[in-house]
Amino acid sequence: MFSGDARCGDGSNQNLPLPRGTVFSLRGGTFFVAEASYLPNQSKDAKGLPGACRLGAWYHTSSRFADQRFDNTGLSLANPLSTGVPLDHTGNGGIYGVIDQMLYRVHGTDDQGLSGFFAPAACRTTAI
């Protein structure tokens, strides 16, 4: 868990200048991350090929995430009739998974071969 706003502001994702020095702001919300892993066949004596399965989630508590596509009236920000003021969202979170598996190992080696991975993710924001 750490402060989710490096700019020491209100937690928005608007383009603001970065401050100098060490900053720890409690005003911009908090960013939480958690991950669990399952690591089969990692020992040197394992009969199968090594792999890794990970499942994780994140959540940011800020109430000021500016939408990148829509304004505060629901129009596209690219629309000439748009107000140009992004729609605010409260909270931003998501989940992800990673499967990383060695598919082939060069005989006589521990870490040479062919591996593949699959990494789906999903996120959501809630409009204010």
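**Strand pairing and side-chain contacts in an all-strand model**

At a relative accessibility of 46%, Glu35 falls in the partly exposed class. The model examined here is predicted, and in it Glu35 forms a salt bridge with Arg54, with the closest N and O atoms 3.8 Å apart. The two residues are 19 apart and link distant parts of the chain, Glu35 lying in strand β2 and Arg54 in strand β3. Arg54 is likewise assigned to the partly exposed class, because its relative accessibility of 29% lies between the limits of 20% and 50%. In general, side chains of opposite charge can pair when their charged atoms come close. A search of the whole structure returned one salt bridge, that between Glu35 and Arg54.

The secondary structure of the protein consists of seven strands and zero helices. Read from the N terminus, the order of elements is therefore an uninterrupted β-β-β-β-β-β-β. Of the 128 residues in the protein, 21% are buried. The exposed area of the protein amounts to about 9100 Å², of which carbon and sulfur atoms supply 59%. When contacts between residues at least 6 apart in sequence are considered, 52% of them join residues at least 24 apart.

The strands that carry the salt bridge are also paired with each other. Strands β2 and β3 run antiparallel and are joined by eight bridges. Within this pairing, Tyr38 is placed opposite Cys53 of β3. Strand β2 spans residues 30-38 and strand β3 spans residues 51-60, and the loop between them contains Asn41. The backbone of Asn41 has a phi near 55°, which is positive although the residue is not glycine. In general, most residues other than glycine have a negative phi. With a relative accessible area of 34%, Asn41 is partly exposed.

Strand β3 also pairs with β5, again in the antiparallel sense, through ten bridges. Two positions illustrate the register of this pairing. Ala52 has Asp100 of β5 as its bridge partner, and Leu55 is matched in β5 by Gly97.

Strand β5 covers residues 86-105 and has further antiparallel partners. Its pairing with strand β4, which comprises residues 65-71, involves three bridges. Here Ala66 stands across from Asp88 of β5. Strand β5 further contains His89, whose side chain makes a polar contact of 2.6 Å with the side chain of Asp67. His89 is classed as buried because its relative accessibility, 8%, is under the 20% limit.

Strands β5 and β6 are joined in the antiparallel sense by six bridges. In this pairing, Gln101 is partnered by Gly116 of β6. The loop between β5 and β6, the latter formed by residues 113-118, includes Val106. Val106 is partly exposed at 33% relative accessibility. Together with Leu103, Tyr104 and Leu114, Val106 forms a nonpolar patch on the surface, and these four residues have a combined accessible area of about 390 Å².

Asp111 is located in the loop between β5 and β6 as well. In contrast to Val106, which is partly exposed, Asp111 is exposed, its relative accessible area being 64%. Although Asp111 and Pro50 are 61 residues apart along the chain, their C-alpha atoms are separated by 9.5 Å.

Taken as a whole, the pairings described place β5 opposite β3, β4 and β6, while β3 is paired with β2 as well.

Key: Residues are numbered from 1 along each chain as its sequence is written. This is a predicted model: local features need pLDDT of at least 70, side-chain atom pairs count only at pLDDT 80 or more; totals for chains, interfaces and linings use all residues. Side-chain values use heavy atoms; hydrogens and water are left out. Helices (H or I, at least four residues) and strands (E, at least two) are DSSP runs, numbered from the N terminus. Buried means under 20% relative accessible area, exposed over 50%, partly exposed in between (1.4 Å probe, protein chains only). A polar contact is a pair of N or O atoms within 3.5 Å; within protein, one must be able to donate a hydrogen and the other to accept it, and residues adjacent in sequence count only if both atoms are side-chain atoms. Patches are made of residues with over 30% relative accessible area and no salt bridge: like charges are joined within 9 Å, nonpolar side chains (Val, Leu, Ile, Met, Phe, Trp, Tyr) within 5 Å. Accessible areas come from the Shrake-Rupley method with a 1.4 Å probe; for residues, only the protein chains shown count as cover. A salt bridge is a side-chain nitrogen of Lys or Arg within 4 Å of a carboxyl oxygen of Asp or Glu. Two strands pair if DSSP finds at least two bridges between them. Contact means heavy atoms within 4.5 Å.
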